[in-house]
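Please open the model in a viewer and keep the selection panel at hand. The tour proceeds by successive selections, each followed by a description of what is found there.

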Amino acid sequence: MSDKPKATITALGHYVPDYRLTNAELETIVDTNDEWIRSRTGISERRILKDPDKATAFMGGEVAKEILKNRGIEASEIDCIIVATVTADYLFPATACLIQREIKATNAYGFDVSAACSGFLYALTTGSMMIESGRYKKVMVIGTDKMSSIVDYTDRATCIIFGDGGAGVLLEPTTEDHGIIDAIQRCDGTEAELLCQPGGGSLNPASEETVKAGMHYLKQEGRVVFKKATESMAAVSLEIMERNGLTNDDVDWFVPHQANERIITATGSRMGLDPSKVMLNISRYGNTTAATIPLCLYEWKDKLKKGDDVILASFGGGFTWGSIYVKWGGLK
Ligand code: UT7
């Protein structure tokens, strides 16, 4: 027990669209094949939000509703909604405001966090510090991305990877010895353009030329990102384990960002973890950017036990990366 409150995860929610974009369907769109995709990425299918009138905020709204339902509380009890996304419905207003409107969280404020695949971890750290301050009691942290809105379906190197989806958590204070224990977050913009959406921002505002040049699509130097992701996720996870006195045996669960199964396997192996402790669901969803980590937590919620030592880790555009140590407190 301690006097200072820590933030603990008390409820989870998720939303994935029904439509399954399989490797077989991708074979009809670009020059690729199921064997290449599965062996190079571990992905078999991803979900796509087909309804043109629905986007990232819709998925985040469904996540928020499920969190409220699972926790058994009213939207008016929410103090803040933090949304991690790189595919906001609008450049502004923030997706958080659209979710607030959808669920009628009349006492909340909210904002978006842009940190690509590390967005959820950055947002979780921010939310946990808000709870630790004592000023906020219920903070929603949601990762939601409609990646299909920025993916070029003529580029076989990227279109096979990404999918749409959302998931999130509710943070509340606890004085017990569990919750968000520690976080290490980093960014390095030296190679920012190696994973980037070049058009549509203030540098290259949308114009006929930018659209013709495909600048509104995500661009990635896959091999460089692959190498950096493997090195950085393992290093930052080992760093947080060491400074909290955790050995590989102590770690009960590793929750990596789901970008490529080979990155995840290599990271787990560098950390000396038994593969059974590594959460892996990329085969069914692909890379949903800000949603991958909470989507794993959601799917493993019945296996997570109170007191489990859980390490979350991510790497993404920016470059951004980080690791968070959670002692699982159990859901309410
Ligand atoms: O979440 C944000 C962070 N993102 C990541 O962490 C992604 C990191 N990168 C990756 O996951 C991998 O680099 C990719 C999956 C993007 C690509 O896999 P790779 O093993 O690095 O392939 P590569 O780019 O080195 O390409 C190898 C070959 C090339 O052919 P040649 O030049 O050797 O003849 C590509 O043209 O594979 C070819 N290729 C494909 N073949 C069939 C690339 N994409 C495909 C494809 N189907 N979809």
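Begin with helix α8, which contributes four residues to the shell around the ligand, the largest share of any element. The model is a predicted one.

**The ligand and its shell**

Select the ligand together with its surroundings: 22 residues enclose it, and the closest are Thr32, Arg40, Arg223, Asn260 and Asn287. By character, this shell comprises ten nonpolar, seven polar and five charged residues.

Next, display the distances from the ligand to three of these side chains. A polar side-chain atom of Thr32 is placed 2.7 Å from a nitrogen atom of the ligand. For Arg40, an N or O atom of the side chain is 2.8 Å from an oxygen atom of the ligand. For Asn287, the corresponding separation between a side-chain N or O atom and an oxygen atom of the ligand is 2.7 Å. On its own the ligand has 950 Å² of accessible area, of which the protein covers 75%. Colour α2 (34–41), α6 (156–159), α8 and α9 to see the elements that supply two or more residues to the shell.

**Helix α9**

Select residues 261–270, which form α9; the buried residues here are Ile263, Ile264, Thr267 and Gly268. Why do these residues lie on the same side of α9? They span an arc of only 125 degrees around the axis, and this places them on one side of the helix. In general, an α-helix has 3.6 residues a turn, so residues three or four places apart point the same way. Now rotate to the face of α9 that is turned away from the buried side, where Thr265 and Ser269 are exposed.

Add α8 (222–243) and β11 (253–256) to the selection, since the buried residues of α9 pack against both. Then inspect the two ends of the helix. At the N-terminal end, Asn260 acts as a cap, with a side-chain oxygen 2.8 Å from the backbone nitrogen of Arg262. Asn260 is also among the closest residues to the ligand. After α9 comes Gly272, with a positive phi near 70 degrees.

**Met147, in a loop**

Move to Met147, which is found in the loop between β6 (139–146) and α6. Is this residue buried or exposed? Met147 is buried, its relative accessible area being 1%. Show its contacts beyond the neighbours within four places in sequence: they are Val86, Thr87, Phe162, Gly163, Asp164, Leu218, Asn287, Thr288 and Thr289. Asn287, in this list of contacts, has already appeared beside the ligand. For a sense of distance, draw a line from the C-alpha atom of Met147 to that of Asn281: the two residues are 134 apart along the chain, and the line spans 17 Å.

**Glu45, in strand β3**

Select Glu45, located in strand β3 (residues 45–48). With a relative accessibility of 15%, Glu45 counts as buried. Its side chain and that of Arg20 are joined by a polar contact of 2.7 Å. Apart from neighbours within four places in sequence, the contacts of Glu45 are Arg20, Leu21, Thr22 and Asn23, together with Ile282, Ser283, Arg284, Tyr285 and Gly286. Asp34 is eleven residues from Glu45 in sequence, and their C-alpha atoms are 9.8 Å apart.

**Helix α4**

Continue with residues 95–103, helix α4, in which Thr95, Ala96, Leu98, Ile99 and Ile103 are buried. Look down the axis: these buried residues fall within an arc of 160 degrees, so they line one face of α4. To see the packing partners of that buried set, display α3 (56–71), β4 (80–84), β5 (109–113) and β6. Immediately beyond the helix, check the backbone of Lys104, where phi is positive, near 60 degrees.

**Two further stops**

Select Thr125 in helix α5 (residues 119–132). Thr125 is buried, with a relative accessible area of 11%. Outside the four nearest places in sequence on either side, Thr125 is in contact with Ala183, Gln185 and Ile324.

Finish at helix α11 (residues 292–299), where seven of the eight residues are buried, so the helix is largely enclosed by the rest of the structure. The buried residues of α11 to highlight are Thr292, Ile293, Pro294, Leu295, Cys296, Leu297 and Tyr298.

Methods: Residues numbered from 1 in each chain as written. Predicted model: local features only at pLDDT ≥ 70, side-chain atom pairs only at ≥ 80, totals over all residues. Heavy atoms only, no water. Buried < 20%, exposed > 50% of the residue type's maximum accessible area, 1.4 Å probe, protein only. Arc of directions from axis to C-beta. Contact = heavy atoms within 4.5 Å. Polar contact = N/O pair within 3.5 Å; in protein donor to acceptor, adjacent residues only side chain to side chain. Near = heavy atom within 4 Å. Areas by Shrake-Rupley, 256 points an atom, 1.4 Å probe, with all protein chains shown as cover. Nonpolar A, V, L, I, M, F, W, Y, C, P; charged D, E, K, R; others polar.
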